[in-house]
Structures are given as structure tokens and as C-alpha cells.
Amino acid sequence: MKRLLVTVLFVLLSTGLQAQKKIVISAEDITLEVGEKLPLEAYVTNNGEKTEDRVRLFSRDKKKVFIDSVGVAHAFLPGKVTILAITAGARHSFDITVNAPAISEIKIGNIPERIYKGSPVQFNYTVIDKAGLTRKDVRPQLSSSNEKIATIDPFGYVHSTREGEVTITARLDEIENTVRINILKNPVSNIELEVDNGEGRTGDVFHFKATALDDNGNAVVQIPIRYSFNGIADDVSTTASGLIRQDGSFVADKAGIYTVIASAGVASAQKTLRISPRNIQRKIKTVGQGMVSEKFTSDLWVWEGEDGRDYAVTGTWSADGTAYFWDVTDPSNISRIDSIQVDARTVNDVKVSEDGNVTVISREGASNRKNGLVILDTSNPRDVKIHATYDKNLTGGVHNVFIDKGYVYALSAGQKYYIIDIKDPKNPVAVSKFELDTPGHSIHDVWVQDGIAYSSNWSDGIQLVDVGNGIAGGSPENPVQFASYTYPSGDNHAAFPFKSKSTGKFYVIGGDEVFPYAENGSYLAGGYLHMIDFTDLDNPQEVARFEIPFAGSHNYWVDEETETLYATFYNGGVRVVDISGELMGDLLAQGREITFFMPGDPNGFIPNMPQTWGAQLHKGHLFYSDMHSGLWASKVEPPKAENVKIKTK
Amino acid sequence: MKRIVLSVIFAALFSVTALSQNYYVYVTAESEDEVSVIKFDGKKAETIKNIQVGVWPQEIEGPHGITVDPSGEYWYLSLAHGNPYGRLYKYKTGTDEVVGSVELGLFPASMQISPVTGLLYCVNFNLHGDMVPSTVSVVDVESMTELDQITTGAMPHGSRISSDGMKHYSVAMMSGELFEIDAFNLKVARTLDLDEASKGLVDHSTMDHSKMDHSAMDKKEEKPKEMDHSKMDHSKMDHSKMDMGGMKHSAFKPTWVSPHPSKDLVYVAGNGAAEVLEIDTKTWKATRKFITDKGPYNIDLSPDGKYMVVSYKTAAKTGIWDLETGKELASLDNSQKVTHGVAISSDSRYAFVSVEGKNDDPGMVDVIDLKTLKVVDTAYLGKQAGGIAFWKVED
């Protein structure tokens, strides 16, 4: 009891003593200029008496203000930053304000050589401060010296109404920059507008070409021509939406009458188009299902075995490390023929060699934390055996794999992929790896086709790597990156190449993975498919998207022969999309979705709740895996004859 | 007689008190993306709540490390997997709502808050990365700001604060080092080569036998397999075939360090060497070696300083040691394979031991009575029970 009392007394005393401790900062109302350093004096008082206690200072925003180990504040960027002061048993916080540096320069750019009356041009401006920083938090005032000749709006557009000289001024604080421009007589008296087709369907891309002509019928080449459109949809409750680009390409989303206008100053021309419904919708029929109701299902692969029969393998997710093998020769009678269990909790990915004899499954959640690959002998899918396990450099978990011509491309710990020679499947040997060198780089998937590895690298986007194609001299032993595309959201999760026969264009379809959808949790995924035109490898352009509201993209498959995309959208099921012809704009809005299916099952692992993982077309049947209900086979019915209306349940 | 009567009354009172108390721990289920609250009433252990963690329902984000702050108001959780960096989450105890998060390094794992600095120190395990030095993240938990990353060794694990709150200890699993960080100025103060420290104690010719607890060694003579030090002879190992990335590859393979609650001692689990080393932090030298079962992984010391409880990951057992005598009081079978973490109740009465299992085995928490040295009960939770933190005991 005595000991207890002493302890309590000690605690009370300690608390009491600590409560009197106070950190004192010599100056709390601190304002610094960018680049300035200030030694901060901080000490501790105890009951008003200065002590020898150490005080450590930390910035809560080191990018703006950094406090070094001896307590000197370094101001890097403008803003207000909270500084935390700590001593044993006490803490205190205060702010340092870093003033925004004075503006030193306003740069004006993008000034056309010739500006013609009535033809709007847009100036760019950049504000630079004395610290050399580009300032986006301030806007200069833009003005014209003679508004009877030209005015300038806050977005930098110069609108001219007369010929003559005028000075455009950008001013901020005491800094200004001026540019003298001469508004010329607009030589354009007429515009000729041509289009490659007079009518078409929603989703078809039209190419307009406008030529500005002077009074003599000569082309005026250095004049900006602006394209715009308006329209009236056939469905009066729908907006006649579409997309027009300033290169003259146009696509309509809805059926209706659209008018495209090209203008240069007061001269303009227009053409009107009749846009019909795309009308490519078809029915999809469920043919069969290989139910997995006892655990989550992950990826799938379908192949023809050496015996001529058709087989599939599916993985399992957050479960017991099992992969299932199926006979899918008769898709209406899918039967589970074998399974294999490895030391894992998730078999996230499954891939099969071209001849079907070797299957590689990935491992995550191994009990010894050594994940990696398991290479299987699937020469007889009814009696699957393990060739080898392989975890060198892969212990962090293999999220995705691909097999191509005797090599496995295996992700390692979400940061890189190794290329592993499995020509002797019992003795796999890593021959190389591919890894970016960007800060915080990560990777989610890799897909190989025609000697090119398409990897999906989240914020580093899609990376194209020559692993035997020859385009950049690469090989599996020497992977060579030769093209890439990133998009601002940083959500790139999958990539699939698509060589469009109908257009000759080379697209790569980049897929997002986003959770949760907007601010809501649960199983609603977000994200969509990005259609990226890689025809010019040095200058890839994102041209279109396929997005399903309230659902998010996952994996997909392209049938180049029919130019059809089969995409899984988690809670949005499986989607079949017409990607024929040139791609531009919002593919869903254009009516390019052929059909969809939501594979909910009342007896599923989670009943009646689609969560579709991946899709593959095989011998005319669409196979897809659903996390909650296993393997499915469907058949997209042929297009119906025109003017034939079929109504069935 | 009077003494006996008093003892009986005291025992009865103690028994009533113990029975009327409820103990609560937080445990991670690393392959389920869940944290479970386990309640133990002295007899029965049960999961009373499962808290889903992370934001990606279709990715396992791997809740690994967990700690409750000294005030018991908040608990903190490290999610190992990100793109590529993991995150630290802050939850309110009781309501278990998320109140903040911050990105840390690669595979953030174990952590603890210093009651003196108020800062949280979390090792970035980088478990599956290259053999390169990783870091300890230092976080201001008030604003959930990462203040600094302190470079230590390859695959740092175990992250514990000294009883005075002024020193942080961690070990580097692959480079075989013990790191002491000044929790205040955030600099590495000292490092210790644990392979060498271990060898130093094995070398009997240079040891002062008078200070050795031979009784502990006597016991170990009954287990000759575990005393077979020839297996640790590096000169006989073919290191040429090992991919060490230019860095030392520790055979000792330390996975945990726990400071003594009142003495200048820390205890380091040598997962590869099947031993626990006692390090005197005044002399920075190993002073005792506890030969353990296979795969000692985590350690916790009872707050009264009497017991050391060690999870034997490979052996699927838990060892309970008397720190004074250096004797292993019991080696108890756990309920399944892959024993992971240990948390001892604030009254030094019970040890809560998480057990991962394999494949789709449920995670388990075995509750061990440190008086009777028996497993009292087992609670079940999601797959791969790992990080474990004692929350509170209440009447």
C-alpha cells in the first residue's frame, strides 16, 4: 500500500510538474520572405524559470518551411505553416507566414504573326515572381489601349472590331507587360467547308476541312478557323451532344440533325448532317456457369488443350490459395475437373502458355511471406501438377503475370516486373527486369502481344516496352521502353493494345481502377477506359472514353477481327462495346455499347451481387469471371436484320 | 495461521477482482483487411467487433502494425500496401472511426508513440524490397504529418520506445542491426551488429561464467538440437549463391526489440538464430542469451518487468520467460501455425498472442494466463492475425 501511495504521489507530482512546463518561442508572429532563413529561439520554462530542457521544432509543411536540426527556419514557398515545438512533456505550436514574393515579370506568349479583324485570337500569359516561381494564384488585369479597335477578355481572347494598331497590357501590382499588335483587314470573304461524309451514325467521326478564301478565291493560309456545332436531337428530351475538335473532327452522341460551323472573323460556313442511331445493340444469352459459391473468384484464362478440348482456369481471391480447372468444351455444361491449392490466400492472376501445357498462377498471402509464382503442368488439365515454385525477387507478392513465348512476365511487389525464362518449366530463370526510375513508381499489370509489353503503372501511365518486337531492339533479356502515355488521374490499372483494321490506327486501351466511387464506400467502383491513339508513338493522344455510370472498369479483352471490346466493370457486370472505325469522344453516349450482362447469382458467395473481374472471347463464346459467382459463358447473338423487331423476355 | 487466512482472503479477493475484469485488445487480420476488437473476461475470449480497414475492397492492403496511444484515446494502424507507399491511419478508440491518415514509406509496419515526445515512430519494413537501408517514419499524430524519415537498416522491424520515452529501438532484419534513435533529435544514436553480439556470447572462452545463469543453460541441455550452434557457423555456409545486393545478410535475422519497463535493457528476437539477446543499453553490449524454440518473432515484456513473452513463429509456440532467472517457464503450443504478435495486459496478468494460420485458416488470438502458464481461451478473427495492441482493462 505504501508503494502504491508513493507511486500515485509520484504520478501526481510528475503531472503537476509537467503541467507547469511551457515552451517559449522568442518571436511567435513570424513572417518570412521566400528564401529567407531565420534561427528560431525556443526554450522551456518551468514555473516561470528557464530550464535546460531541449526543444525540437518541426514544420508541418516542409515544402514551404523547413526547420533544420539546429532550429533554423528556411522559407521555401509562400503560405502559412504551423510549426510544432516539442520538449519532454510539453508541446506548443505556432505559425510562420511566408510572404508571396513580389511579381517580377509577366510573360505574354502565343502572339500570332497576323491578326485579322473579327478573328479572335488568344494570348497566353505567365506570371513570374521574384523568387522565380510561376504564380497561378494571381491574375493580371488585361486591357486594350483602344477598345474601339480591340478588346481583351479575362481569358486572353482579343476581339477586334476595327483595323489599326492597339496595345494590349497585362498588369499586376506595379509590373506590366505590353504587346503592340496590328489588326489587319480580314482578307477572308468566303469559307469553303468540306466533309468526308454527309451522313452517318452516332459515334462515327466526321472530318471537316475549311478553307478560307479572299475576294479573288485564293486561300488565306494564316488565319485561324474555329469549328463549332449545334444540333437538335431526334429525342426532344435529349441534348444533341457531341464533340468537335479544332482540327475539324466531329462526332455526335445522339441521333438528330447537327450543323457544323467553321468561321474566320465574320466569314463563316456551315454544313448540316443527318445522324442516325448507331443501332448496334444485340442480345446476350447466358450459355453456362461454373459456379464458385464458397469463395471469391479472381481472374480466368480459357484455352484449347492439346486434346482439342477447351479448358479454363480461374483463381481465387482472399481465400485459401486454390485455382480451379474447368472443361468448357461445351459452354452450356461447364464442369470443374481439377483444382490445386498452394500456400497463398489469393491467386490473383492465372495465365496459360500458347500450347496450353504450362499455367502460371500468382501467389499473395503466403504463410511464410514468400509469395511468387507457381508453374503448373497443365498438359492434362484433369490432373494438374506442379512443375516448380519460384519466388526469387517475388516474395512481395505477384499481383499479375503474363506468359509469352516461353517467358513469364511477373510483377514484383507492385514496383517492377521480372521476365523469367520458363522454357524449362521445372527450372525457371529470371533473365531481366523492367522498372521505372520515377519517384514513387508503382505498377499494376503487364500484357504482352507481338513482342511488346504493355504495362500499367498507375501515375506513370502506360509503358510500351520492346521485349522482342524489334521496334526498339529489345528482347526478353533486354527490355527497351519506347513509348508511354500518362493521364492526370494516375489511375492506370490495365492496358490492352488494339490495332484497328478499319482505320489503320493503333490504339492502346488504358483502364482505370478506382475505389471507392466518388465519396461513397462499399463495392461501387469508379474509373473508365481511356482510348489512346498511339499511331504516332512519339505523340500519343487520348481520344475517347468508355465509362459506365456508378461502376468502374477492371479487365478487358479486344477481338480485333470484329473490332469488339469485352470489358468487365466490377459491379457493372460485363460490357460488349463496338470499337469499329475511328474512336472519338464518349463511346457510351454514342450508343456503341452492344450489350451487357450483370452476372448476379442467388446462390453466389455474395448472392445477387455482380462483381465481374475479367473477360475473354474464346471460339465465339464470351467467358468471364465474377468474384461472387465463378465462371460464366455467354453468347452475344448475331445482329438482327434491319427493320426486324424482335421482342422476347 | 493468521498468514494463511490472510492469504486465502487475498486470493479470494484477487480472484473476484480478476473475474470481474474485462480486457480488450485490437488485432489486425492482415489478409482480411480487418481489425478486430477482442474482449476477454478472464475465461472467455471473443471477437466483439470487426472493423473494415483500407479503401480498396478488391485489393488486400495489409493492416500490419497497430498501437494504442498512451492515453488510450486513439489507435493507429499501418496499411502495408499502397502504390507503392503504405499509409498510417488514426482511429478513435471505442467508436473506431477514422480521424486521419498519412502516407509513410514502403510497407510501414510496427510502431509506438512516445509518451514524452507525443510522436509516433513507425518502421518502414520494405519487407519485399531490395537489400537497401530503409527508414523509420516519425509522425506528428495531432496533425497526422510525417515529420521525418530516419534511415536505418535493411528491413527494419520492431519499433518500441524506451520506458523514459526518449529512445526508440528497432532492428534491421536483413542487415542484422539494432538501432537506437534519439526520439527527440531524431538521429540514430547507436547501432549494434547483432550477429557479432550473438557470437560474442556464444564464444565461451571469452565469457565471464561467473555472471552467467547456468541454470538456464542446464535446462537447454535437455534440448540438444536447439543448442546446435554449428548450424550458425557462417564459414560453412555458401554465401556466394545468395543474392545480398551488396549488403550483409544476417543469420541472426532480428525481428523484434522490446525495452525493459524499468531497466536499461532491451530484448532482441533473433528469428534466424532461435535466440533472444538481452542488450545492456548502458554498455551497449549483449549480456544474456536466451535459447528459444524455432523462429522467435515478437516479444513483449510484462509491465511489472517479470516476464518476457516470445512468439515462436516457426514452432507455432509461445515462450514465457522469467526475466530474473532467465528460465523459460513454459513453452505453450499455439492454436495453429504461424505465431505472430504478443501484447501483455497492463496488469501483467495475461498475454494475448496472435496466430496467423495458413491459407483460409481464421486468425486466432490465444490468451495466456501468466500465473497458471496456460492458454485460457482462443478468439477467432479474419485471416492472418498479426499486429496486436493491448487497449484497456476495465471492471
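Two strands are said to pair if DSSP finds at least two bridges between them. With that in hand, welcome to a walk through this predicted model.

**A buried strand and its two neighbours**

A good place to start is strand E38 of chain A, which covers residues 407-412. Six of its six residues are buried, so E38(A) is largely enclosed by the rest of the structure. Buried here has a plain meaning: 20 or more other C-beta atoms lie within 10 Å of the residue's own. The side chains split into two sets. A:Tyr407, A:Tyr409 and A:Leu411 point one way from E38(A), while A:Val408, A:Ala410 and A:Ser412 point the other way. Both sets are buried.

What does E38(A) pair with? One partner is strand E37 of chain A, residues 401-404, and the two run antiparallel over four bridges. Within this pair, A:Phe402 has A:Tyr409 as its bridge partner, and A:Tyr409 is one of the buried residues just mentioned. E37(A) and E38(A) make a hairpin with two residues between them. In its turn, A:Lys405 has a positive phi of about 50 degrees.

Another partner is strand E39 of chain A, residues 416-421, which is joined to E38(A) by six bridges and also runs antiparallel to it. Here A:Ser412 is matched with A:Lys416 in E39(A) as its bridge partner. This hairpin has three residues between the strands, and A:Ala413 takes a positive phi near 50 degrees.

**Two open sheets in chain A**

Elsewhere in chain A, an open sheet of three strands has the order E3-E8-E7, with antiparallel pairing. Strand E3 (37-39) and strand E7 (65-67) stand at the edges with a single partner strand each, so one side of each is left without a neighbour in the sheet. On average, neighbouring strands of this sheet are turned by 20 degrees against each other, direction ignored. E7(A) is joined to strand E8 (residues 72-75) by three bridges, and A:Ile67 has A:Ala73 in E8(A) as its bridge partner.

An open sheet of four strands follows the order E20-E22-E25-E24 in chain A, again with antiparallel pairing. Its edges are strand E20 (190-195) and strand E24 (242-244); each has a single partner strand, so one side of each lacks a neighbour in the sheet. For this sheet too, the average turn between neighbouring strands is 20 degrees, direction ignored. Strand E22 (residues 205-213) and strand E25 (residues 249-252) run antiparallel and share three bridges, with A:Val205 standing opposite A:Val251 in E25(A).

The strand pairs of chain A described so far are gathered here.

| Strand pair | Bridges | Sense |
|---|---|---|
| E37(A) and E38(A) | four bridges | antiparallel |
| E38(A) and E39(A) | six bridges | antiparallel |
| E7(A) and E8(A) | three bridges | antiparallel |
| E22(A) and E25(A) | three bridges | antiparallel |

**Domains of chain A**

Chain A is divided into domain 1 (20-99), domain 2 (103-184), domain 3 (190-276) and domain 4 (284-636). Taken over C-alpha atoms, the centres of domain 1 and domain 2 of chain A are separated by 43 Å.

**Chain B and the contact**

Chain B has 395 residues, of which 51% count as buried. Its secondary structure comes to three helices and 28 strands. Among its contacts between residues at least 6 apart in sequence, 47% join residues at least 24 apart.

Where chain B meets chain A, the contact takes 31 residues from chain B and 33 residues from chain A. The side of chain B that touches chain A has eleven nonpolar, 13 polar and seven charged residues.

Technical notes:
Residues numbered from 1 in each chain as written. Chains lettered and ligands numbered in written order. Predicted model: local features only at pLDDT ≥ 70, side-chain atom pairs only at ≥ 80, totals over all residues. Buried ≥ 20, exposed ≤ 12 C-beta atoms within 10 Å, placed from the backbone. Contact = placed C-beta atoms within 7 Å. Nonpolar A, V, L, I, M, F, W, Y, C, P; charged D, E, K, R; others polar. Axes fitted to C-alpha atoms, helices over the stretch in contact; angles between N-to-C directions. Domains from an automatic or database assignment.
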